[in-house]
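Please open the model in your viewer and keep the sequence panel beside it, since the tour moves from one selection to the next. Each stop says what to pick and what is found there.

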Amino acid sequence: MTPHAPAPADSADPQKLRVLVVDDDPDSAESLAFSLQLEGRQVRYVTCARDALMVAETLSPHFALIDVFMPQIDGHALAAELRQRFGQQIVVVAVTGALKSVELNAFDHHLMKPINFEQLDELLSQQRRGS
């Protein structure tokens, strides 16, 4: 898969909140990324963990929204790897449609699909105030 960048070329603004969206459903990933971009964030989205790790190296995201249940490398393993690489510099959010509880482990927060954008905006705002 090729990493996607819905943001225009001027999105490299260092003042913008950088968000990485990872979901094996391309439509879900793209729509979430597009919504975040419309709100003025620098966003990249990918559909697998391997691509997420490559993009994270160049994006240095402040935030990662990760689908928990992905094939091959699941969201838990990806979150652990991002935490190892970026420490507390990144806020890692588990995103899932499952009704069962999710072990947070390397995740900082959990959001249910469909995403409540008020809740997501509050998380993003907290991170911005903390930086």
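Begin by selecting aspartate 121, which in this predicted model counts as partly exposed, because its relative accessibility is 25%. Add arginine 41 to the selection, and the two side chains are seen to meet in a salt bridge, with 3.5 Å from N to O. Aspartate 121 lies in helix α4 and arginine 41 in the loop between α1 and β2, so this pair ties together parts that are 80 residues apart in sequence. Arginine 41, at 12% relative accessibility, counts as buried, because the cut-off for that class is under 20%.

Now zoom out to the whole chain, which has 4 helices and 5 strands, running β-α-β-α-β-α-β-β-α from the N terminus on. Of its 131 residues, 46% are buried.

Next, select strand β1, residues 18–22, where 5 of the 5 residues are buried. In a regular strand the side chains alternate between the two faces of the sheet. Here Arg18, Leu20 and Val22 lie on one side and Val19 and Val21 on the other, and both faces are covered. Extend the selection to strand β2, residues 42–46, which runs parallel to β1 and is joined to it by 5 bridges; arginine 18 stands opposite glutamine 42 in β2. If helix α1, residues 26–38, is displayed as well, β1, α1 and β2 can be followed as a right-handed β-α-β unit. Strand β3, residues 63–67, also pairs with β1 in the parallel sense, over 4 bridges, and there leucine 65 is the bridge partner of valine 21.

From the strands, turn to the largest nonpolar core, which has 23 residues, and of these Leu20, Val22, Ile66, Leu78, Leu82 and Phe107 touch the most other members. Elements that each supply at least two residues to this core are β1, α2, β3, α3 and β4, and α2 gives the most, with 6 residues. Centre the view on leucine 78, which, when residues up to four places away in sequence are not counted, touches Val22, Ala49, Ala52, Leu53, Ile66, Met70 and Ile73. Apart from this core lies another one, of 19 residues, which includes Val19, Tyr45, Leu65 and Leu124.

For the next stop, select the charged side chains, among which the structure holds 7 salt bridges. Glutamate 57 and arginine 85 meet in one of them, with 2.9 Å from N to O, and this pair links distant parts of the chain, glutamate 57 being in helix α2 and arginine 85 in helix α3, 28 residues apart. Both partners are partly exposed, glutamate 57 with a relative accessible area of 46% and arginine 85 at 38%. Arginine 85 also forms a salt bridge with glutamate 81, where the closest N and O atoms are 2.7 Å apart; because these two residues are 4 residues apart in helix α3, about one helical turn separates them. Then highlight Asp23, Asp67 and Lys113, which are linked in a network of salt bridges.

Finish at proline 114, in the loop between β5 and α4. Is proline 114 buried or exposed? At 74% relative accessibility, proline 114 counts as exposed. As a last distance to display, draw the C-alpha to C-alpha separation between proline 114 and glycine 97, which is 7.0 Å in space, although the two are 17 residues apart in sequence.

Note on methods. Residues numbered from 1 in each chain as written. Predicted model: local features only at pLDDT ≥ 70, side-chain atom pairs only at ≥ 80, totals over all residues. Heavy atoms only, no water. Buried < 20%, exposed > 50% of the residue type's maximum accessible area, 1.4 Å probe, protein only. Pairing = 2+ DSSP bridges. Right-handed = clockwise from strand over helix to strand, strands pointing away. Core = buried A, V, L, I, M, F, W, Y, C linked by side-chain atoms within 4.5 Å. Contact = heavy atoms within 4.5 Å. Salt bridge = Lys/Arg side-chain N within 4 Å of Asp/Glu carboxyl O.
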